[in-house]
Amino acid sequence: MKKCIVFMIFCAATAAVAASVPAAEPAPVPEAASEGVDFEIAPGYRLISSLEELAECAAQSGQNIRMRPGTYEVKKTYFPDDPKIIFNFSGSDNIFDLTDVRIEIDTQVYADMPNSKDVHGYMGFNIYGDHITFLGGEFEDIGEQVGPRGANEFVVMGNDFTMKGCSVTIRGSAPYGYGDMYGKGRGAFVKLQKHALMSVMGDRILIEDCDLKIFSYGHGIHMHGSQDNVFRNVKMLGAIRLTDELYKEKTGPAAEHDYKIMFPPWLQGEPIPKGQMLSLTEDGIRAYVRGTNKDGETRNTGHVTVENCTIVRMRGAIALAAASSATVTDTTVRESAGAYGLPSDCVVRRCKGDASYGPLVYVPYSNRRNADVELELVETDKDAGDHNLANIVGSDHKIRITYSGKRRPKKQRQIVLGSTGDRYRDDNTDEKELRGKNYARGVTLINETPHPVFLTEFSSNCEVITRGSVKDRGDDNRKTKP
């Protein structure tokens, strides 16, 4: 099999469950004036004018807080009990109206944090209380300094957290510019100091009408055991670069490793392929299998809902294969290494994406079942890599892929049933184990694209409805025309 590299692709898809919005509804606040101009404060709101006051209010409960419009520069931490946390929001039932407020975090603050074995203990905003709401507000990292062990800008341990109308820009990680080709976790070949936007362990978070930019090596939003989260009207932008650029570097990880790939293991020692696009971030909206909440309870990650979101240039955009279920509607993914990664019992409707730099859809685990998916492949002139259009394993899925383009695609990409793709294979895997990882059973595929279908030897009892070509090496599969 020809080796190819798809730089990190994991899962995504989402499922419908209405998330609870904090009970404390904000009193109406007039449109804020710009910095230095008078503005009105609605009844019941307390006006604050400094980061010291913000830190003080963060520890109290039952408040409506209005921060004076303006720019606030973070040059130190504001939580003396733990120097690895900049702000600690331990109070509950609070609304923070940050309209026309800009909070700039000097990344040197992260660099000055003490070294610790607690990799996940570094954070900008620790949301520990319940029923906390952020309205408006612009958060931006200034600089490219890196903390001792990486960081999460927001860590949400509390329940019923809402972020509405905010913008967040993340910077500062190491190494940056190489994706995960030099490993991840404890097995990395270089020291990792990642910087993610948000880690979620609490339940029923709502991220709505937000503009998120991740210019660091880290996830956008990653969930660990949390339940019933909703992402609505979110725009998320990551970063990519052409692999050819790595050969121009004279210093750094690529040069130090003689321009060889070190991860994943089955590609270790291979030359960095030219003409491919490399994701510099991790995943956009990502679910992990399980996690532990602030009460010490370990749970599997529950249902995730994604509505009307646009995710561009993230490694895996909708990376929800490890969620219990998901609903994804009216969402667009572009220029990502993997667009829609699907869990069991997911529903995908009125969603679209391209396959410029990675598969449009993938199911990476063969124990996933009952995905109900309708996706539109959009036309694009951007194209790099030798990846498939889709990699599908599991059972009893119904997947329909349409094409809205006017032109026939320049490159034919296979829709594959019975393979997870190169990202999930290992040259040392024996045939029995490979079959267990790659089987596709009882899958119905409706292919309305010009791309061909390939049913591998690990596919069985699948039905393909298509006008295009089908290569069938499986058992008891059926092909019909629409």
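Me: How many helices and strands does the chain have?
Reply: The chain has 4 helices and 43 strands. Helices are DSSP runs of H or I with at least four residues, strands are runs of E with at least two, and both are numbered from the N terminus. Before we go on, this is a predicted model, in which local features need pLDDT of at least 70 and side-chain atom pairs count only at pLDDT 80 or more, while totals for chains, interfaces and linings use all residues. Residues are numbered from 1 along each chain as its sequence is written, and side-chain values use heavy atoms, with hydrogens and water left out.

Me: What makes the chain as compact as a globular protein of that length?
Reply: The radius of gyration, taken over C-alpha atoms, is set against the globule rule, 2.2 Å times the number of residues to the power 0.38. For 482 residues that rule gives 23 Å, and the chain has 23 Å, so the chain is as compact as a globular protein of that length. If you like to picture a box, the C-alpha atoms fill one of roughly 70 × 50 × 45 Å along the principal axes.

Me: What share of the residues counts as buried?
Reply: That share is 60% of the 482 residues. A residue is buried under 20% relative accessible area, exposed over 50%, and partly exposed in between, using a 1.4 Å probe and protein chains only.

Me: How do you know which residues are in contact, and what share of the contacts comes from residues 24 or more positions apart?
Reply: Contact means heavy atoms within 4.5 Å. Among contacts in the chain with a separation of 6 or more, 71% are between residues 24 or more positions apart.

Me: Why is the pair F125 and F154 called stacked?
Reply: Rings of Phe, Tyr and Trp (its six-membered ring) pair if their centres lie within 6.5 Å; planes under 30 degrees apart count as stacked, over 60 as edge-to-face and the rest as tilted. The centres of F125 and F154 are 4.8 Å apart and their planes meet at 15°, so this pair is stacked. The pair links distant parts of the chain, with F125 in strand 7 (residues 123–127) and F154 in strand 10 (residues 151–156), 29 residues apart. F125 and F154 are both buried.

Me: What makes F139 and F154 a stacked or an edge-to-face pair?
Reply: Here the centres are 5.4 Å apart and the planes are at 85°, so the pair is edge-to-face. F139 sits in strand 9 (residues 138–142), and F154 in strand 10 is 15 residues away. F139 and F154 are buried too.

Me: Which residues form one aromatic cluster?
Reply: The cluster is formed by Y78, F87, F89, F96, F125, F134, F139, F154 and F161. By the pairing rule, the count comes to 14 aromatic pairs.

Me: Why does D93 count as partly exposed?
Reply: Its relative accessible area is 38%, so D93 falls between the limits for buried and exposed. D93 lies in the loop between strand 4 (85–89) and strand 5 (94–97). Phi of D93 is near 55°, a positive value in a residue other than glycine.

Me: And how do you know whether D228 is buried or partly exposed?
Reply: D228 has 25% relative accessibility, so the verdict is partly exposed. Its phi is positive as well, at about 55°, although D228 is not a glycine. You will find D228 in the loop between strand 16 (221–224) and strand 17 (229–232).

Me: What makes K260 buried, exposed or partly exposed?
Reply: The value for K260 is 24% relative accessibility, so K260 is partly exposed. K260 is in the loop between helix 3 and strand 20. Leaving out residues up to four places away in sequence, K260 touches Y182, G269, E270, P271 and I272.

Me: What kind of peptide bond joins A174 and P175?
Reply: That bond is cis, with omega about -10°. P175 has its place in the loop between strand 12 (167–171) and strand 13 (195–200). The bond from F263 to P264 is also cis, with omega near 5°, and P264 lies in the loop between helix 3 (253–256) and strand 20 (277–279).

Me: Which residues does N64 touch, not counting residues up to four places away in sequence?
Reply: N64 touches G44, Y45, R46 and I95. N64 lies in strand 2 (residues 63–67). The C-alpha atoms of N64 and F96 are separated by 6.3 Å, with the two residues 32 apart along the chain.
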